[in-house]
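The questions below ask what lies behind the terms used for this protein. Each reply sets a value beside the meaning of the term and then draws a conclusion.

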Amino acid sequence: MSELYIRVAEDENEEPMEIPSEDDGTVLLSSVAAQFPGACGLRYRNPESQCMRGVRLVEGVLHAPESDWGNLVYVVNYPKDNKRKMDEIDAASAVKIKRGFQKTSDLIVLGLPWKTTEQDLKDYFTTFGEVIMVQVKRDAKTGNSKGFGFVRFTEYETQTKVIGQRHMIDGRWCDCKLPNSKACPDEPMRSRKIFVGRCTEDMTTDDLRQYFMQYGEVTDVFIPKPFRAFAFVTFADDQVAQALCGEDLIIKGISVHISNAEPKHNNSRQMMDRGRFGAGGFSQGYGRSASLAAMFDRSQYQFPSSHV
């Protein structure tokens with residue numbers, strides 16, 4: 001029998017790919033898995049009943065329904081396929097719901113010029129949205145500014161936008177972040193960044209950006225070179241990043257694992273004190289060696305010099 005191709009897709013609504021059959025008209029499961037890693041079978045929609053039917057699989061060989069593959073589009077089966085897809089949908093929905101009801105917080109404004117007043121601060125941040133409160137922290141004895149202050153907005157979306165950029169206030173670059181008294185100063189930046197493990201070489205920064213944009217605004221995507229099978233994605237909203245941590249997501253047919261990304265310098269002290277972290281500055285749970293140390297200078301997050 002001459003070689004023929006059957007049309008296979010991950011979903012009925014996606015563009016199918018042609019998979020070659022064998023000389024006897026069967027299709028090897030390995031041929032399907034080569035294009036759709038993790039595939040464990042095929043199914044198709046019966047034209048008459050409109051119900052989904054499974055393709056018979058015997059010892060790794062898929063047999064055509066009624067001895068003829070026809071012009072149908074066959075959909076790939078994955079282990080726990082429905083659960084994976086529902087988990088992805090639920091994760092996205094949970095993030096959106098969480099963001100929809102998220103309350104605003106006081107934001108710390110670092111690096112303020114000495115001359116900046118509450119009115120100056122309010123005039124600047126009002127251009128982003130309605131401001132509930134502004135405060136410039138001052139020395140109790142002298143009344144002089146300490147070089148930082150606080151601002152709070154009415155809308156959570158405004159807060160997210162403000163955190164995602166730097167600000168020129170009275171001729172000086174300032175940073176606006178979520179304060180965290182129990183952590184080191186760079187905690188807000190760390191919490192907005194995720195570690196994406198089990199990446200493949202065909203995943204580009206654009207692929208990752210497009211995928212993660214469904215959860216929230218993405219401010220940066222970094223894939224190390226040479227390729228190390230992982231990447232970093234930074235969101236404008238730390239709540240989005242934290243909601244994704246611990247999830248297993250499917251990107252381009254590959255299961256990737258999401259976890260926190262720890263700043264390198266933040267772990268170096270922990271490495272000396274408790275030996276919990278590798279010399280590269282990342283948790284040994286990432287499975288990476290000390291050779292990563294030189295690769296992540298850009299992963300260090302520190303507040304810019306300020307008057308704090």
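**Pairing, burial and confidence**

Q: What makes strand S4 and strand S8 a pair, and in which sense do they run?
A: In this predicted model, strand S4 (residues 41-45) and strand S8 (residues 73-77) are joined by 3 bridges in the antiparallel sense; since a pair calls for at least two bridges, the two strands qualify. Within this pairing, leucine 42 stands opposite valine 76 of S8.

Q: Why are strand S2 and strand S5 said to stand at the edges of their sheet?
A: The sheet is open, with 5 strands in the order S2-S1-S8-S4-S5 and mixed pairing. Strand S2 (17-20) and strand S5 (52-54) each have a single partner strand, so one side of each has no neighbour in the sheet. Neighbouring strands here are turned by 45° against each other on average, direction ignored.

Q: Which strands are the edges of the sheet ordered S15-S16-S14-S18-S17?
A: This open sheet has 5 strands, and its pairing is antiparallel. Strand S15 (218-222) and strand S17 (248-251) are its edges, because each has a single partner strand and therefore one side without a neighbour in the sheet. Neighbouring strands of this sheet are turned by 30° against each other on average, again ignoring direction.

Q: How do you know that S17 pairs with strand S18?
A: There are 4 bridges between S17 and strand S18 (residues 254-260), which run antiparallel, and at least two are required, so the criterion for a pair is met. One of the residue pairings is that of leucine 249 with valine 256 in S18.

Q: What does helix H6 lie across?
A: Helix H6 (residues 205-212) lies across strand S14 (193-197), S15, strand S16 (230-235), S17 and S18, and it runs at about 145° to S15.

Q: What joins strand S10 to strand S11, and how many residues lie between them?
A: Strand S10 (residues 131-138) and strand S11 (residues 145-153) pair in the antiparallel sense over 6 bridges, with valine 131 opposite phenylalanine 153 in S11. The two strands form a hairpin with 6 residues between them, and glycine 143 in the turn has a positive phi of about 80°.

Q: Why is helix H4 called mostly covered?
A: A residue is buried when its relative accessible area is under 20%, and 6 of the 8 residues of helix H4 (residues 156-163) are buried. They are Tyr156, Thr158, Gln159, Thr160, Val162 and Ile163.

Q: Which residues have the most contacts inside the largest nonpolar core?
A: This core has 22 residues, and Ile194, Phe212, Phe235 and Leu244 have the most contacts inside it. At least two of its residues come from each of S14, H6, S15, S16, helix H7 (238-244), S17 and S18. Apart from it lies another core, of 18 residues, including Phe125, Phe128, Val131 and Leu178.

Q: How do you know where the predictor is less confident, and which element has the lowest mean pLDDT?
A: Confidence in each residue is given by pLDDT, from 0 to 100; the protein has a mean of 77, with 73% of its residues reaching 70 or more. Among its elements, helix H8 (residues 264-274) has the lowest mean, 46, and helix H3 (residues 118-125) the highest, 94. The value stays under 50 over residues 181-190 and also over residues 264-308.

Methods:
Residues numbered from 1 in each chain as written. Predicted model: local features only at pLDDT ≥ 70, side-chain atom pairs only at ≥ 80, totals over all residues. Heavy atoms only, no water. Axes fitted to C-alpha atoms, helices over the stretch in contact; angles between N-to-C directions. Contact = heavy atoms within 4.5 Å. Buried < 20%, exposed > 50% of the residue type's maximum accessible area, 1.4 Å probe, protein only. Core = buried A, V, L, I, M, F, W, Y, C linked by side-chain atoms within 4.5 Å.
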